[in-house]
Amino acid sequence: MKALEQALSQWVQTHHQYKISGQYTPVSQDTLQQQWPDTIPSSPELDYYLSHYEPSDVLVETGFAPIIFWSIDQLQQALIGYRWVGMSEPFTESDTWRADFVIIADDLGKGNPIIVATSEEGTPVYAGYDAGEPFLIAPTLADFFVAMSLLVEVVYGSFEIFEITDDDSVVLPAFEEQLKTAIEPILGAELFANFYDYFYG
């Protein structure tokens, strides 16, 4: 858990440094247990994250679609259309959605979820495009938040958020290379490619 503690501390420091919208607040274990939806699975890493750094209105600009992070009371709603399907309540449970998947973030349009696998060691992070098959973007929740901190440092710190593309909205090679240099050592080549594809592919 030490790696996750360090990763989240780095992430919150980055959040403050670049004045990202929203805030993080700790909640007690008792409060976490009381608020946690009965139908949502968890893991030690997910519990640690949401008990120490529950997000509130956290929205991260990426240069493309903004990413919003969900609070505890939004986790169940976030799964509608993915785990629970149908036009109205009562929803039915999808037979293709993994029961251990929990959505912790999404783009602002709510069509590209960022997902944690609660039954896997280290709580790996997946991402998906609407109804498509989710794909792995980080081997652990800790690595995901380290990668996100580095992404923000490049996007906000080096490219002023919306300067990552040319006049034709094509991602600048310099941006891609700087992001790769920063993040690939954390995720490895294959997962960096997946991570990059999710945000900028």
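# A guided tour from Glu160 to the aromatic cluster

Begin by selecting glutamate 160, which is exposed, with a relative accessible area of 62%. Keep in mind throughout the tour that the model on your screen is a predicted one. Glutamate 160 sits in the loop between helix 5 and helix 6, the latter covering residues 173–187. If you look at the backbone here, you will find that phi of glutamate 160 is near 50 degrees, which is a positive value in a residue other than glycine.

Next, select lysine 19, whose place is in the loop between helix 1 (2–17) and strand 1 (21–25). Lysine 19 also has a positive phi, of about 55 degrees, although it is not a glycine. With a relative accessibility of 72%, this lysine counts as exposed.

**The whole chain**

Now zoom out until the full chain is in view, and colour it by secondary structure, so that you can follow its seven helices and nine strands. The radius of gyration is 17 Å, close to the 17 Å that the globule rule gives for 201 residues, so the chain is as compact as a globular protein of that length. If you turn the C-alpha trace along its principal axes, you will see that it spans about 45 × 35 × 30 Å. Switching on a surface shows an accessible area of about 9800 Å², and 49% of that area belongs to carbon and sulfur atoms.

How much of the chain is buried? Buried residues make up 49% of its 201 residues. Among the contacts with a separation of 6 or more, 57% are between residues that lie 24 or more positions apart.

**Into the core**

Which residues touch the most other members of the largest nonpolar core? In this core of 72 residues, they are Tyr49, Phe69, Phe144, Phe195 and Tyr200, and selecting these five is a good way to find your bearings. The element that gives the most to this core is helix 5 (residues 141–157), which supplies 13 residues.

Stay with tyrosine 49 for a moment and display its surroundings. Leaving out residues up to four places away in sequence, tyrosine 49 touches Leu8, Tyr24, Glu54, Pro55, Phe69, Leu141 and Phe145.

From there, move to serine 71, in the loop between strand 3 (67–69) and helix 4 (75–78). Is this serine buried or exposed? Serine 71 is buried, with a relative accessible area of 10%. When neighbours within four places in sequence are set aside, serine 71 is in contact with Glu54 and Pro55, and both of these residues also appear in the list of those that tyrosine 49 touches.

**The aromatic rings**

Now show the side chains of the aromatic residues, among which the count comes to 19 aromatic pairs. Look at tyrosine 129 and phenylalanine 135: their ring centres are 5.5 Å apart and their planes meet at 45 degrees, so this pair is tilted. The two partners differ in how they are covered, since tyrosine 129 is partly exposed, with a relative accessible area of 34%, whereas phenylalanine 135 is buried, at 18%.

Then select tyrosine 196 and tyrosine 200, whose rings have their centres 5.5 Å apart and their planes at 45 degrees, so that this pair, too, is tilted. These two tyrosines are four residues apart in helix 7 (residues 189–200), and are therefore separated by about one helical turn. Tyrosine 196 is buried, with a relative accessible area of 12%, and tyrosine 200 is buried as well, with 6%.

To see both pairs in their setting, select Phe64, Tyr129, Phe135, Phe159, Phe175, Phe192, Phe195, Tyr196, Tyr198, Phe199 and Tyr200 together, because ring pairs link these residues into a cluster. A separate stop is tyrosine 126, where arginine 98 lies over the face of the ring, at 5.6 Å from the ring centre.

**Two distances to try**

While you are looking at helix 7, pick out alanine 193, which lies in this helix and counts as partly exposed at 42% relative accessibility. The distance tool, set from C-alpha to C-alpha, places alanine 193 at 8.7 Å from lysine 180, which is 13 residues away in sequence.

Finish at glycine 132, in the loop between strand 8 (125–127) and strand 9 (135–138). Glycine 132 is partly exposed, with a relative accessible area of 35%. From its C-alpha atom to that of serine 51, 81 residues apart along the chain, the separation is 30 Å.

Conventions. Residues are numbered from 1 along each chain as its sequence is written. This is a predicted model: local features need pLDDT of at least 70, side-chain atom pairs count only at pLDDT 80 or more; totals for chains, interfaces and linings use all residues. Side-chain values use heavy atoms; hydrogens and water are left out. Rings of Phe, Tyr and Trp (its six-membered ring) pair if their centres lie within 6.5 Å; planes under 30 degrees apart count as stacked, over 60 as edge-to-face and the rest as tilted. Buried means under 20% relative accessible area, exposed over 50%, partly exposed in between (1.4 Å probe, protein chains only). A charge sits over a ring if NZ of Lys or CZ of Arg is within 6 Å of the ring centre and within 35 degrees of the ring normal. The radius of gyration is taken over C-alpha atoms; the globule rule is 2.2 Å times the number of residues to the power 0.38. Contact means heavy atoms within 4.5 Å. Accessible areas come from the Shrake-Rupley method with a 1.4 Å probe; for residues, only the protein chains shown count as cover. A nonpolar core is a set of buried Ala, Val, Leu, Ile, Met, Phe, Trp, Tyr and Cys residues joined through side-chain atoms within 4.5 Å.
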